[in-house]
Amino acid sequence: MVFPQKHSATGTTIFTVMSALATQHNAINLSQGFPDFHIDEELSKALGDAARNGFNQYAPMPGLPILRQEITKSFKTRYNVDIDADTEVTITPGATYAIYTAFTAILSAGDEVIVLEPAYDSYIPNIEMNGARVVPISLSAPDFHVDWEKVKQAITAHTKAIIINTPHNPTGAVWSKKDWDDLAVIVRDTDIFILSDEVYEQLVFDGLKHYSVLQHPELRQRSFALYSFGKVYNNTGWKIGYCIAPPAMTQAFRRIHQFLSFTVNTPAQYALAHILAHGAAEPVHAVMERKRDHFLSLIKDTPFTIYGPARGSYFQVAGYERISNMPDMEFAQWLTKEYGVATIPISAFYSNKKDDKLIRFCFAKKEETLNEAVDRLKKLA
Ligand SMILES: Cc1ncc(COP(=O)(O)O)c(C=O)c1O
């Protein structure tokens with residue numbers, strides 16, 4: 001049997017590898033980005049109610065109208081933007097799917113897409129699966145800011161899109177309004193699309209505010225803004241997200257979506273509409289900021305060097321130069337096997353596996369999980 005090589009990634013994703021290694025060595029898993037605590041009781045109840053009340057058949061292709069309306073209300077309240085629920089919002093089975101669908105809606109063979117690295121691992125395979133070419137640009141450590149001059153120089157007549165991500169996985173960096181303005185200047189007078197991965201929009205700390213591409217009138221006209229409920233309601237396993245884009249772009253997006261999944265889990269859409277209307281018991285940014293602070297207060301008693309600290313997302317980057325000079329992939333595996341704590345090596349987020357000797361911790365965990373993990377790491381001192 002011969003299978004075509006649709007993308008350049010080989011083997012299994014680093015998230016699967018590290019999670020499997022964590023299980024094998026009975027390690028605490030601070031690698032993959034998922035919460036290990038219960039979801040809001042009201043949300044679980046709403047899911048059960050929807051199933052019991054008979055909302056178990058196919059939902060409309062763009063998503064339940066009530067959920068799309070609740071999303072637009074929430075964006076009006078939080079970002080003061082007007083979004084049309086019928087023509088601009090599409091519910092998807094997660095943000096990863098929405099990213100793939102947006103790329104598929106716009107890319108043809110020979111197109112180029114600029115990717116800022118380190119980057120979430122699905123972007124590059126998704127671009128390549130559409131026959132397009134990846135143009136990677138490294139963010140600048142230690143604060144991982146964008147070097148706009150490099151972005152400008154990377155643009156060619158073939159550049160079809162730029163994918164950006166704020167708050168950022170894996171670095172926890174958060175874009176300012178100025179970053180958006182700089183991007184606007186660079187793409188002005190071009191037909192370049194923006195894919196704005198904003199899945200961590202509600203996970204911003206220290207009184208900072210997430211600035212959405214939807215708040216930038218000039219960029220909004222050319223942007224697919226992509227979201228995940230999993231990161232807002234701590235239910236990553238539900239795999240429900242959405243795409244907000246101007247009507248013509250939404251039409252192109254739905255032309256693909258209708259022949260991929262067509263529609264999304266109905267009872268979960270009802271439950272999400274319910275929680276959006278009624279509000280969660282505690283906003284997720286408050287919960288997660290507390291976890292970040294708790295993690296930082298513990299990790300300072302270990303030899304790791306903290307980069308940042310993370311201003312948003314689930315993640316904290318750390319250096320280990322006081323512990324070892326192993327390559328980061330080797331170090332992460334050694335840490336899992338010898339000290340029982342699984343993390344992700346940052347080189348995994350670069351197409352050329354650039355190794356700055358950094359690892360990523362996920363702090364979206366119960367306090368006792370973080371306590372136990374750092375107790376183990378203290379043995380490194
Ligand atoms: C930057 C980024 N984008 C997208 C996703 C995927 O979201 P979903 O689980 O809704 O597919 C993740 C999940 O970790 C992520 O970190």
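User: What must hold for two strands to count as a pair?

Analyst: Two strands pair if DSSP finds at least two bridges between them. In this predicted model, strand β2 (residues 89-92) and strand β8 (residues 241-244) run antiparallel and are joined by four bridges. Within this pairing, V89 of β2 stands opposite I244 in β8.

User: Which way do the residues of strand β2 point, and are they buried or exposed?

Analyst: In a regular strand the side chains alternate between the two faces of the sheet. Here V89 and I91 point one way from β2, while T90 and T92 point the other way. Every one of these residues is buried.

User: How should the domain assignment of the protein chain be read?

Analyst: A domain may be listed as more than one segment, as domain 1 is here (14-39 + 283-378), whereas domain 2 is given as 54-278. The contact between them takes 29 residues from domain 1 and 30 residues from domain 2. The C-alpha centres of the two domains lie 26 Å apart.

User: Which element gives the most to the side of domain 1 that touches domain 2?

Analyst: That element is α11, with five residues. Both α11 (284-299) and β10 (315-319) supply at least two residues of this side. By class, the side of domain 1 that touches domain 2 has 16 nonpolar, seven polar and six charged residues.

User: Which residues come nearest to the ligand?

Analyst: G94, A95, T96, N169 and S228 come nearest, out of 14 residues around the ligand. The shell has three nonpolar, nine polar and two charged residues; Gly is counted among the polar class.

Definitions and conventions. Residues are numbered from 1 along each chain as its sequence is written. This is a predicted model: local features need pLDDT of at least 70, side-chain atom pairs count only at pLDDT 80 or more; totals for chains, interfaces and linings use all residues. A residue is near a molecule or strand if its C-beta atom, placed from the backbone, lies within 6 Å of it. Domain bounds come from an automatic or database domain assignment. Two residues are in contact if their C-beta atoms, placed from the backbone, lie within 7 Å. A residue is buried if 20 or more other C-beta atoms lie within 10 Å of its own, exposed if 12 or fewer, and partly exposed in between; C-beta atoms are placed from the backbone.
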